[in-house]
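Here's a quick briefing for anyone meeting this structure for the first time. Have a look at it, then read on for a few spots to find.

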Amino acid sequence: MLLMLVLGSIHNMQAQMFSDMKEAKSMAISELQTILSKMPHGEEQAYGFNSREEFANAIIADQVVIESIGHDSIINFNRYRFVVSVNGKPRALLSYRKEWESWINCGIGAANLVREIN
């Protein structure tokens, strides 16, 4: 009985994490072009892009980096970093964290890290 309860809890946590990731990814997809358009002119390479022209082909790829924090032995997944790719090549990471019930963009960048993911 205890094993069933533990397995059920794990399944529910995984389902919630998947649901949260889908919500965050949906937000990332809808906001990507707006975020890219706010990037300072001339700073594209610092963010992992070769030029502003690449923005038109930028998409949120399937890869995701999940960051978590622990509170009193409970793991709370509260941040997702989505790979932004151009023509199948990773360029940057777009980060979202959950604040209350909303997903908030908390940065774009990490060009060196995204090269390691590649």
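Contact here means heavy atoms within 4.5 Å. This is a predicted model, where local features need pLDDT of at least 70, side-chain atom pairs count only at pLDDT 80 or more, and totals for chains, interfaces and linings use all residues. Residues are numbered from 1 along each chain as its sequence is written, and side-chain values use heavy atoms, with hydrogens and water left out.

**The core**
- The largest nonpolar core (buried Ala, Val, Leu, Ile, Met, Phe, Trp, Tyr and Cys residues joined through side-chain atoms within 4.5 Å) has 19 residues, and Phe 82 and Leu 94 are among those with the most contacts inside it.
- H1, E1, E2 (74–86) and E3 (89–99) each give two or more residues to this core; helices (H or I, at least four residues) and strands (E, at least two) are DSSP runs, numbered from the N terminus.
- H1 gives the most, with six residues.
- Beyond its neighbours within four places in sequence, Phe 82 is in contact with residues including Met 21, Ile 60 and Tyr 96.

**Two serines**
- Ser 51 sits in the loop between helix H1 (2–37) and strand E1 (58–71).
- Ser 51 is partly exposed, at 23% relative accessible area, while Ser 95 is buried, at 2%; buried means under 20%, exposed over 50%, and partly exposed in between (1.4 Å probe, protein chains only).
- Ser 95 lies in strand E3, and the residues Ser 95 touches include Arg 79, Tyr 80 and Cys 106, not counting residues up to four places away in sequence.
- The C-alpha atoms of Ser 51 and His 41 are separated by 9.4 Å.
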